[in-house]
Amino acid sequence: MLSFLLSIADASNHGKITYLYNNYHDDMMRLAKDRLKNHGCDNYEIDAEDVVQGSFLNILKYIDSVNFDLPKKELRSYVLTIVLNESGKLAKEYEKFDFTEGPETNCSDEDFFEKLEIKEKYLLVMSLIKRMDEKYGITLLYYYHEDMSVKNISKIMGISSKTVYKRLERGKLMLLEMLEGRVE
């Protein structure tokens, strides 16, 4: 994959791509596999390679705006967030082609409105999380949206498990305050 990336990148960016690949490729693969496996993708090991390659292509597209002066943990979080987005896109594609069930024809009005209300609440919570301080928002997303363990979050973010628990606690309090309208 590295040789492919180098072949399509400007020569001036070869060092940056090589640095990202050598430092983050394994973490990117691990995260992609975990995420796709959690979403029930049958070929998660093979699909993870596609996710990582797509992530590198996205990084390459915007390589000039990537801040390589960031601390290593922050650059790692940036790269892994791209992997999360890419694996989420692929998981949604799998959901579109779920052939196990046909269309639901017996959906009562009550069921329809209940599902609609759940979806609206979900979208509201996700928009509030995205407005939160990044360290709390990403921790909440990893834990609740991606179903990642505290141990994996700790490893990905390069922080202790105790810090993950503290960020989850503070993030939940912040989210509740935002939902109650006490915080802008």
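Hi everyone. Let me start with one cut-off: a residue is called buried when its relative accessible area is under 20%. Please keep that in mind, and remember too that what we have here is a predicted model.

Now, which residue do I want to test against that cut-off? Arginine 76, which sits in helix H4. Its relative accessibility is 11%, so arginine 76 counts as buried. And what does arginine 76 touch, once we set aside residues up to four places away in sequence? The partners are Tyr24 and Asp27, plus a run of Lys155, Ile156, Met157 and Gly158.

Some of those names come back when we look for empty space. Searching the whole structure for cavities of 30 Å³ or more turns up 1, and the largest cavity holds about 70 Å³. Arg76 is one of its lining residues, together with Asp27, Arg30, Leu31, Asp34, Asn152, Lys155 and Ile156. By class, that makes 5 charged, 2 nonpolar and 1 polar. Helices H2 and H7 each bring at least two residues to the lining, with H2 giving the largest share, 4 residues.

H2 also matters for my last topic, the largest nonpolar core, with its 44 residues. Eight helices, H1 through H8, each supply at least two of them, and H2 gives the most, with 9 residues. Which residues have the most contacts inside this core? Leu20, Met28 and Tyr142.

Take methionine 28: beyond its neighbours within four places in sequence, it is in contact with Val52, Ser55 and Phe56, and also with Val79, Leu80 and Val83. Thanks, everyone!

Terms used:
Residues are numbered from 1 along each chain as its sequence is written. This is a predicted model: local features need pLDDT of at least 70, side-chain atom pairs count only at pLDDT 80 or more; totals for chains, interfaces and linings use all residues. Side-chain values use heavy atoms; hydrogens and water are left out. A nonpolar core is a set of buried Ala, Val, Leu, Ile, Met, Phe, Trp, Tyr and Cys residues joined through side-chain atoms within 4.5 Å. Buried means under 20% relative accessible area, exposed over 50%, partly exposed in between (1.4 Å probe, protein chains only). Contact means heavy atoms within 4.5 Å. On a 1 Å grid over the protein atoms alone, a cavity is a set of points where a 1.4 Å probe fits but cannot get out, and a pocket is an open set with protein on both sides within 12 Å along at least five of seven lines; lining residues have an atom within 4 Å of a point. Grid points are joined across faces, edges and corners, and a volume is the space filled by probe spheres set on the points. Ala, Val, Leu, Ile, Met, Phe, Trp, Tyr, Cys and Pro count as nonpolar, Asp, Glu, Lys and Arg as charged, and the others, Gly among them, as polar.
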